[in-house]
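Hi,

Here is the structure I promised to pass on to you. Please have a look at it first, and then read my notes below.

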Amino acid sequence: MLGLDTFPRIHLSHSATPLEKLPRLSAYLGCHIWVKRDDCTGLAGGGNKTRKLEYLLADALQQGADTVLTLGGLQSNHARQTAAGAAKLGLACELILEDVKGVPQRDYYHNGNLLLDQLCGAVVHRVSEPQNSAEVLSQVLADLATQGKTPYLIPVGGSNALGSLGYVNCANEILAQSAASHIEFDQIVLATGSAGTQAGLLAGLIANQCDISVLGICVSRPGLDQQILVEDLLKQSLNLLEIDTHLMQGKVKTNGEYYGEAYGMSTEKMVEAVRLLAQLEGLLLDPVYTGKAMAGLIDLCQQGVFKPQQNVLFIHTGGSQGLFAYSEVF
Ligand SMILES: Cc1ncc(COP(=O)(O)O)c(C=O)c1O
């Protein structure tokens, strides 16, 4: 097995991020609920992508890139953190951002993450029909080549094996923090989209021979499709770390019950969860990822799937900047 320090990394995040109990939510639900504050990774508002970018941007620099490109939805948190990371390292940043249908309109096109992308100096290419992201990407790459630039392409959500190492790191942090505070977690819950967070976290737990159950609440696609995506990336991540892939058997668990109609589309339970956490704990979730994941956690506690004596850890993967694009739904 390869150690994490085999891979070049640039420190961009405030870590270790805090691990806190949520006492009022725990009393409300009758379960022990904890939160890993990866909304506090620090880079232009923080979030889970900062951990992935530590490896991806280190690789970009090693390859001599002068421009970073990535893709996502118009309110992508990943795009915001990429823009900020690139700015911090003196790299140019080009973002290819797709309209997401059925979302609130008023603030979506100029507030929230999009405003912050522009403040960080990124060039935003908005993809609207009939174009698609792949076409715009080829055009941007061709233009950069004409200008003599050296681009580095980061996949959607920073989710490849290298990016997922950020969550191997996070798994190590969680295990060190839980050992230091004598807490044994039974269950981890997180939002899963492009899959790198769940895959990386599982790879880190497997590397530590730890079998805390990890449940990904789907926000981008139904449960079975998401499970296949996470499994595929987990396999790649284990291969990168030279860990036996047989060890991942049965580990990838996803739940598509809280996804709603589509990526980025609000659900009633998401709105309730965002309000509840703000009002019980002063904790800001987001409308696209953590709001839906927390809706799942709340429901699974209320259904008795998570038991009162269990310690449940929610990974707060960030995104509250997106609230300002969704004001209408609140
Ligand atoms: C706030 C937030 N939470 C969770 C996720 C999902 O993480 P992943 O794409 O690694 O599955 C994202 C991805 O963009 C995100 O922005």
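What follows is a tour of the domains, the nonpolar cores, the salt bridges and a few single residues.

Two words on the ground rules. This is a predicted model, in which local features need pLDDT of at least 70 and side-chain atom pairs count only at pLDDT 80 or more, while totals for chains, interfaces and linings use all residues. Residues are numbered from 1 along each chain as its sequence is written, and side-chain values use heavy atoms, with hydrogens and water left out.

**Domains**

The domain assignment splits the protein into domain 1 (4-47 + 159-329) and domain 2 (49-158); such bounds come from an automatic or database domain assignment. Their C-alpha centres are 23 Å apart. Across the boundary, 44 residues of domain 1 are in contact with 39 residues of domain 2, where contact means heavy atoms within 4.5 Å.

**Nonpolar cores**

A nonpolar core here is a set of buried Ala, Val, Leu, Ile, Met, Phe, Trp, Tyr and Cys residues joined through side-chain atoms within 4.5 Å. Buried means under 20% relative accessible area, exposed over 50%, and partly exposed in between (1.4 Å probe, protein chains only).

The largest core has 65 residues, and the members that touch the most others are Leu165, Phe185, Ile188, Leu201, Leu205, Leu234 and Leu313. Helix α6 (residues 161-180) supplies the largest share of this core, with 8 residues. Helices (H or I, at least four residues) and strands (E, at least two) are DSSP runs, numbered from the N terminus. Both domain 1 and domain 2 give this core at least three residues each. Ile188 is a good place to zoom in: setting aside neighbours within four places in sequence, its contacts are Leu201, Leu205, Ile212, Ser213, Val214, Leu215, Leu313 and Ile315. There is also a second, separate core of 32 residues, with Val219, Leu277, Leu280 and Leu285 among them.

**Salt bridges**

I counted a salt bridge when a side-chain nitrogen of Lys or Arg is within 4 Å of a carboxyl oxygen of Asp or Glu. The whole structure has 9 of them.

One joins Glu54 and Arg9, at 2.9 Å from N to O. Glu54 lies in helix α2 and Arg9 in the segment before β1 (19-21), so this pair ties together parts that are 45 residues apart in sequence. Glu54 is buried, at 1% relative accessibility, whereas Arg9 is partly exposed, at 27%.

Another pairs Glu173 with Lys36, whose closest N and O atoms are 2.7 Å apart. This bridge links distant parts of the chain, with Glu173 in helix α6 and Lys36 in strand β2 (residues 32-37), 137 residues apart. Both Glu173 and Lys36 are buried. They also belong to a network of salt bridges that links Lys36, Asp38, Arg51 and Glu173.

Asp107 and Arg106 form a bridge as well, at 3.7 Å from N to O. Here Asp107 is buried, with a relative accessible area of 12%, and Arg106 is exposed, at 52%.

**Buried charges without a partner**

For these, Lys and Arg count as positive and Asp and Glu as negative; His and the chain ends are not counted.

Lys49, in helix α2 (residues 49-62), is buried but has no salt bridge, and the nearest side chain of opposite charge, Asp38, is 11 Å away. Beyond neighbours within four places in sequence, Lys49 contacts His78, Gln81, Gly157 and Ser194.

Asp117 sits in helix α4 (residues 112-119). Asp117 is likewise buried without a salt bridge, and Arg80, the nearest side chain of opposite charge, is 6.0 Å away. With the same sequence neighbours left out, within four places, Asp117 is in contact with Ala79, Arg80, Ala83, Leu95, Leu97, Ala122 and Val124.

**Two loop residues**

UniProt lists Ser76 under "active site" in an unreviewed entry; its positions are given in the numbering used here, feature names are shortened, and annotations may be inferred rather than shown by experiment. Ser76 is in the loop between β3 (67-73) and α3 (77-89) and is buried, with a relative accessible area of 5%.

Met248 is in the loop between α8 (223-240) and β9 (253-255), and is buried at 11% relative accessible area. Leaving out neighbours within four places in sequence, Met248 contacts Ile206, Glu231, Leu234, Lys235 and Leu238.

Best wishes
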